[in-house]
Amino acid sequence: MGDPVQLKDEGNKHFQAGEIDQAIECYTKAIKACKDKKAQAVIYRNRSACFLKKENYSGAASDASRAIDVDASDIKALYRRCQALEKLGKLDMAFKDVQRCATLEPKNKTFLETLRRLGAEIQQKLKTTFSTDSRVQNMFDILLSEEEDKEKKEKAANNLIVLAREDAGSERIFQNNGIALLMQLIETGKVEMILAAIRTLSGMCTGHRARATAIIHMIGINKLCSIMGMDNEEIALATCNLFQCVYESLSGADSRIYGKEEALVLDSSKDLKTILLALLEMIGSKNVSGYGRDQALNLLTKNVPRKNKKDSDHSKSLFTIDNGLRKILKVCGQVPDLPDQLAMTDNTQLIASVLLNKLYDDLRCDPERDNYRDICDEYIKSKFDPNDMDRNIHAINALSGLLQGPFDVGNILVGRQGVMEMMVALCASEREVDQLVAIEAIIHGSTKMSRASFIISNGVSLLKDIYKKTKNEKIKIRALVGLCKLGSAGGDDYSMRQFAEGSTEKLAKQCRKWLCNPSLDVRTRKWAIEGLAYLTSDADVKDDFVEDEPAMRAMFELAKSRDKTILYAVACTLVNCTNSYDKKEIIPEMVQLAKFSKQHVPEQHPKDKKDFIERRVKRLLKAGVISALAVMVKADSSILTDQTKEMLARVFLALAEDPVDRGTIVAQGGGKTLIPLAIEGTDLGKIKASHALAKIAAISKPEIAFPGERVYEVVRPLVSLLNTERDGLQNFEALRGLTNLAAMNEKLRVKILKEKALPEIENYMFEEHDQIRQAATECMCNLVCSKEVQDRYLEDGNDKLKLLVLLCSEDDEDLQIAAAGALAMLTAAQQKLSVKMTKVTEQWLEILQRLCLHDNPQIQHRGLVMVFNMLDADEELAKKLIESELLEILTYVAKKEDNPKIQAGIDAARACLSKAMDLGLIKPFKQ
């Protein structure tokens, strides 16, 4: 524990230097070490000022209160608490604090102005409150009236929703019997009235635990579930959003501060558990629509598994597995073609599979995973019945759900005695629905090579027979996809083809034919894309596919359809066509060794070489792949899994490889589409998407590529690439992108600094790689416009300025332009840096003279601007410059004839001589 006085003084120095985080650290240590109450109060007051700077207003108010507890007339603490309370929206409490300040110092203009302003704001708030009460009542009167016209009702509904988004408005609705009136709107049964009521409730529950708790108790969780279970997509989605708002408010995920009413709610765990049980009940209920079931599954997917695997509490997942795993498997096992099945949408079973996968991934130890497998095993075994074929296909369909979710679990269960035999037997059944379910299970079950080889020996002939004999298009296309998957089991290894030469091309041709057939329903055509997803691992197939523009356009149109289960297959196909999957580096010595030891050596297909890949990318862009990707990225998060996002990011990176194509990507909205992929998903997916963003940001106008506020969201992904774990190309293109962004405006420069990019950029300025060092210096050249960066160059004890001066002496002209440009701007903005520059290295004058004599007009101009700034900064320094050979250089440049190509340098030299004359260092030449 250090000396509190010394720690406090250190904190003060850090605060004055703008190093707020270090100041907070010193003050916190000082508080712990200090035993004297009065001295401690002063440190609390100082730390309060730091929290204000960091916009941590609750912390600022708390620390100021600690100081006031010791000294009630501590005017600095009172005013700091007033500032913090105002930012927290507690105007009446802030007013009392500043009133006390004005009493203690009646002539202080700042206190009087704040007092006047807060008084006016409180009056306005009261006026608004009273008028709001009458407006709320008027809106409900219009909505519940039978006589008012539709347009008036829509306007009233929208006004109510907007009002509920503000805390004051929500409180007025709540206090004016609003919940009962909203329930009346719901009971009308009219869709637009129900939507208005649900959306208003969402606003009222957002970020307010006490009000959210009161609302769910007044309405009832079961009632809300019944509303979400209605057969209307908009109502189901709006109610899902309401549940999410309630869940976040009760769990503390939305931690906005709303005052004393928070103390009324001690524990929300019981309500959260009730909501969880109600949602689990919904997913297996026959009274729930397909839309409602989807949203219940979505809510469970979003809120049950841990967001961060470092968090040790995964009790929600264990509770859900014990109480709901069988219900989720029941949804997976539904066969829509059979009678008496649960209502479902096209997406329901895939969402259920995603939930199964997320629950399994959230488990922490083998006993938990064993329990999960045992429940699944017991459920599927319980459904097998030799006398009831419907129960058998339910079991196989549930198994398909597991194979699409936690594959390891499904794979173990497929290996159980009799399961694979049951699949093959169902293929031979007379009943079409049995064949359909069995073929889908085979498709999902043959992901691993060992399984594929088993099915090749046991089921290929069956699949071929079904394909040839059946007249049912649904079964025919699934049989084809089964053959496609088995035919592609060797992946892109040319030497491991499962079928005879030309067979995969024939299968792919049939898939493309069905894909382009508009008379088939979307679900059936979807399976054609599933087939291509497997077959396009063969280079002949992908080359044929990109030559078939109608087939590509048909796939892109399907990707935009309502059936989002198609996204994964489309993403797989695009990854294969662009060769953006991970490739193992082939080391020639290892290949020779493998051949010598008679081991299998993967072979590259001739059409997987670079020129073929580039041609395929051009064809995809021409066919409109970017617009399809833009729609896919907007899909519901439960369907658009992290793995799918990663594949889309890979595709984007491949498409952006050629700088010529980046303009096309930007023109079709690809820049803004990439941002969500770079923010959410797998670590590798985020890196790939960030790299694609960097490629676009490096050569595009940011305001066109990322319009509006989106441009600020690009900064963090680019900064994430400034990391020693990323490769040199990623570092380089991220620096180029940040250079472009930093040139736009001060707000973007501040954002780059807030993301803590500056130390990384400075590190890359020391990089041995010429291009990376140049890119970092160019980025710094744009960042020095910011006051915060200038202040860092003013600080003592570092070599930042010295590095820039020395970089000006390098041979690389682009590097010299960047370094000299940064110095020219720094010396113009901060005169002290002109003097400091002469102290960082003895070579400064020689470097400056070389810049002023440089053949490159841009470098020469920057050098002459630096001379002018130094003449303007300090008379002693000016005298030293004029006494050196620089006077001769300035005279030589200034005497040159006007020339547009070098005019900037000539003008700068003349300005330097004029400045020297003004200072009396030289006299005008008289004839």
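The following legends describe close-up views of one predicted protein model.

Residues are numbered from 1 along each chain as its sequence is written. Because the model is predicted, local features need pLDDT of at least 70 and side-chain atom pairs count only at pLDDT 80 or more, whereas totals for chains, interfaces and linings use all residues; side-chain values use heavy atoms, with hydrogens and water left out.

**Figure 1. Overall view of the helical protein chain.** The protein chain has 54 helices and 0 strands; helices (H or I, at least four residues) and strands (E, at least two) are DSSP runs, numbered from the N terminus. The C-alpha atoms fill a box of roughly 115 × 75 × 65 Å, taken along the principal axes. Of the 927 residues, 53% count as buried; buried means under 20% relative accessible area, exposed over 50%, and partly exposed in between (1.4 Å probe, protein chains only). Among contacts (heavy atoms within 4.5 Å) between residues at least 6 apart in sequence, 68% join residues at least 24 apart.

**Figure 2. The largest nonpolar core and the surroundings of Leu629.** A nonpolar core is a set of buried Ala, Val, Leu, Ile, Met, Phe, Trp, Tyr and Cys residues joined through side-chain atoms within 4.5 Å. The largest such core has 261 residues, and those with the most contacts inside it are Tyr372, Leu402, Leu515, Leu629 and Tyr793. When its neighbours within four places in sequence are left aside, Leu629 is in contact with Leu574, Leu648, Val651, Phe652, Leu655 and Thr673. Another core, of 35 residues, lies apart from the largest one and includes Ala23, Ala30, Ile31 and Tyr57.

**Figure 3. Helix α30 among its packing partners.** Helix α30 (residues 549-559) is mostly covered, with 8 of its 11 residues buried. These buried residues are Glu549, Ala551, Met552, Ala554, Met555, Phe556, Leu558 and Ala559. They pack against α27 (503-515), α28 (522-535), α29 (539-547), α31 (567-578), α33 (610-623) and α34 (625-633).

**Figure 4. Glu646, a buried residue of helix α35.** Glu646 is found in α35, which covers residues 642-655. Its relative accessibility is 17%, so Glu646 counts as buried. Not counting residues up to four places away in sequence, Glu646 touches Thr682, Leu684 and Gly685. The C-alpha atoms of Glu646 and Leu677 are 7.6 Å apart in space, although the two residues are 31 residues apart in sequence.

**Figure 5. Ala916 in helix α54.** Ala916 belongs to the helix formed by residues 903-918 and is buried, with a relative accessible area of 0%. Leaving aside neighbours within four places in sequence, Ala916 is in contact with Ile882, Leu921 and Ile922. Ala916 and Asp872 are 44 residues apart in sequence, and their C-alpha atoms are 8.9 Å apart in space.

**Figure 6. The second largest cavity and its lining.** On a 1 Å grid over the protein atoms alone, a cavity is a set of points where a 1.4 Å probe fits but cannot get out, and lining residues have an atom within 4 Å of a point. Grid points are joined across faces, edges and corners, and a volume is the space filled by probe spheres set on the points. The model holds 3 cavities of 30 Å³ or more, and the second largest contains about 40 Å³ of space. Its lining consists of Tyr247, Leu276, Leu279, Leu299, Leu300, Asn303 and Val304. Helices α15 (269-283) and α16 (290-303) each supply at least two lining residues, and α16 gives the most, with 3 residues. The lining divides into 6 nonpolar, 1 polar and no charged residues; Ala, Val, Leu, Ile, Met, Phe, Trp, Tyr, Cys and Pro count as nonpolar, Asp, Glu, Lys and Arg as charged, and the others, Gly among them, as polar.

**Figure 7. Cys82 and Cys376, two cysteines in no disulfide.** A disulfide is a pair of cysteine sulfur atoms within 2.5 Å, and the count by this rule comes to 0. For Cys82, the nearest cysteine sulfur is that of Cys101, 6.7 Å away. For Cys376, the nearest is that of Cys332, 9.2 Å away. Cys82 is buried, with a relative accessible area of 1%, and Cys376 is buried at 0%.

**Figure 8. Two loop residues with positive phi, Asp340 and Lys756.** Asp340, a residue other than glycine, has a phi near 60°. Asp340 is found in the loop between α17 (315-332) and α18 (348-361) and is exposed, with a relative accessible area of 62%. Lys756 likewise is not a glycine and has a positive phi of about 60°. Lys756 lies in the loop between α43 (746-754) and α44 (758-764) and is exposed, with a relative accessible area of 61%.

Technical notes. On a 1 Å grid over the protein atoms alone, a cavity is a set of points where a 1.4 Å probe fits but cannot get out, and a pocket is an open set with protein on both sides within 12 Å along at least five of seven lines; lining residues have an atom within 4 Å of a point.
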